[in-house]
Amino acid sequence: MRELLSGSEEALLELYRRHADNLFRAAVLRLGDRQLAEEVVQDTFLALWNRAELFDARRGTLVGWLSVIARNRSVDMFRQAGRRAPSVPLSAMLPDDQSGNASIESALRRAAVAGGNSVPEPEAALDGAWLRTEVSRALDDIPEMERQVIRLAYYEELSQTEIAARLDWPLGTVKTRTRRALARLRESLAGVRQEQSDGPR
Amino acid sequence: MDHAEVRAFLEEGFFQPGALRQLDEGGDGDDAILGSVREHLRGCSDCRAELRSLRATGVALDMSMGIAPAAEERMLANVRLLGRQRSAGFTNRASVATGSAGSRFSILPIAAGLLILLVAFGAGALLGLGFPQAAQETGPRLEGAAKMLGELLSEPDAQRVALVDGSSAPAGLVVHSPARQELAVISSMAEPPSGSRYDCYLERDGERVLIGPMHFEGDTAFWAGPVGGPADAGREGDRFVVMLDSEDEPAVWGQF
């Protein structure tokens, strides 16, 4: 923090690398949208940069302080986007008539609380970890080539043309594999949902 | 639009940040395709379910993968553009205050909007940043403001002042060159109520000098031009304030 106060971007980056992922995941769970969640993270680190003097280690941890800023910003966004439809929980993958099978949704909610608190409750933290594990498992179920396409398109934000160049595949192949990968991922996640209908373990 | 076209649109949107969210927003300036998709969704529960499913898949992926690597660069760019200057040698200090509730402003669109303008008008290289570039139609007034903004940023004496709103949330950026006695401002503040306008002022010791009216194009509020008033505008303690013509309290402000 001392280095940050003296204007070190490296210090800021170190803190970002340490905390951004957790703040992002919590914001995604609250807002159901990765772009808004990234805005929350951006605002949180801008606030850290601008207001670092206000952080008092005697009153709490840095992660707690950042979590409060992120949570407040998420609430702002909800208010600001009052006309926007509410976020969509993972359980929305369920057909409407199966609303009783809401284990993933409740895990998401509890995990969201875990992500937003400086000291998450053990059960909520477990839910968050469970969720990540299950989704990772679902990803593992799809062929490597398709997983790679999903990763490049979604996570690394590459266009299909860029993916074609990166992997040296024809553009048509990228399009086909992207489509197939998405379908298979959704199928795989549906399997997770089914398996966990009695609640996360 | 038929089912297949809508589903192709949704699948493509799945990989583009913010694309599916656009379907909720219903702004007047949206393109025809978006309008057609919305219309189809209103009457088709199957495609609505498809949309819900895709969104939920996105949340699941986000939970698993975490924040995109490119977000780190965007965060840094955001801080460089809109953060206070901490290292020695800079002249400006952003207003620093606590509190965050109720903001109407969003920092990322401000930064992205600024970058779009700078890239569009050839000044992006000044900042060396990597924001996604999006097409944005602009009128001649906004083009002029963007051009001046780019020029001012390249001035060695450029002062950058972060704007905040009434709840201390980031609200925009002012760039001022004392040597040129010119200033440009960009903000995401909402348009004033019909029949009202926002005016920009330089404030010193409680006295305000009118700079000019804030203009609005799309989601961008802006003004650019010569700074009237004191020749040494931008000295420590001066404030840039934007006020609704019918109110006494600033809507947004920043301190030099």
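Two residues count as in contact if their C-beta atoms, placed from the backbone, lie within 7 Å. Put that to work on chain B of this predicted model, and 64% of the contacts with a separation of 6 or more turn out to be between residues 24 or more positions apart. Chain B has 256 residues, and 43% of them are buried. Its secondary structure comes to 7 helices and 9 strands.

The strands of chain B are a good place to start. An open sheet of 9 strands runs in the order S5-S4-S8-S9-S1-S2-S3-S7-S6, with antiparallel pairing. At its edges sit S5 and S6 (residues 215-217) of chain B, each of which pairs on one side only. On average, neighbouring strands in this sheet are turned by 25 degrees against each other, direction ignored.

Moving in from the S5 edge, S4(B) (residues 198-204) and S5(B) (residues 207-213) pair in the antiparallel sense over 6 bridges. The two strands make a hairpin with 2 residues between them, and Asp205(B) in the turn has a positive phi of about 50 degrees. S4(B) also pairs with S8(B) (residues 239-244), again in the antiparallel sense and over 6 bridges. Cys200(B) takes part in both pairings: its bridge partner in S5(B) is Gly212(B), while in S8(B) its bridge partner is Val242(B). The next link in the sheet joins S8(B) to S9(B) (residues 252-255), with 4 bridges between strands that run antiparallel. Here Phe240(B) has Gly254(B) as its bridge partner in S9(B).

Towards the other edge, a helix comes into the picture. H7(B) (residues 140-153) lies across S2(B) (170-177), S3(B) (182-187), S6(B) and S7(B) (220-226), and runs at about 65 degrees to S7(B).

Chain A offers a helix pair to look at. The axes of H2(A) (residues 9-31) and H3(A) (residues 34-51) come within 8 Å and cross at roughly 140 degrees. That angle makes H2(A) oblique to H3(A), and the crossing is right-handed. On the H2(A) side, the residues that meet H3(A) include Leu12(A), Leu15(A), Tyr16(A), Phe24(A) and Leu31(A). On the H3(A) side, Arg34(A), Glu38(A), Thr44(A), Phe45(A) and Trp49(A) are among those that meet H2(A). Sorted by class, this contact has 16 nonpolar, 1 polar and 2 charged residues.

Key. Residues are numbered from 1 along each chain as its sequence is written. Chains are lettered from A and ligands numbered from 1 in the order in which they are written. This is a predicted model: local features need pLDDT of at least 70, side-chain atom pairs count only at pLDDT 80 or more; totals for chains, interfaces and linings use all residues. Axes are lines fitted to C-alpha atoms, for helices over the stretch in contact, and angles run from 0 to 180 degrees between N-to-C directions. Angles under 35 degrees count as roughly parallel, over 145 as roughly antiparallel, 65 to 115 as roughly perpendicular and the rest as oblique. A crossing is left-handed if the near helix is turned anticlockwise from the far one by less than a right angle, and right-handed if clockwise. Ala, Val, Leu, Ile, Met, Phe, Trp, Tyr, Cys and Pro count as nonpolar, Asp, Glu, Lys and Arg as charged, and the others, Gly among them, as polar. Two strands pair if DSSP finds at least two bridges between them. A residue is buried if 20 or more other C-beta atoms lie within 10 Å of its own, exposed if 12 or fewer, and partly exposed in between; C-beta atoms are placed from the backbone.
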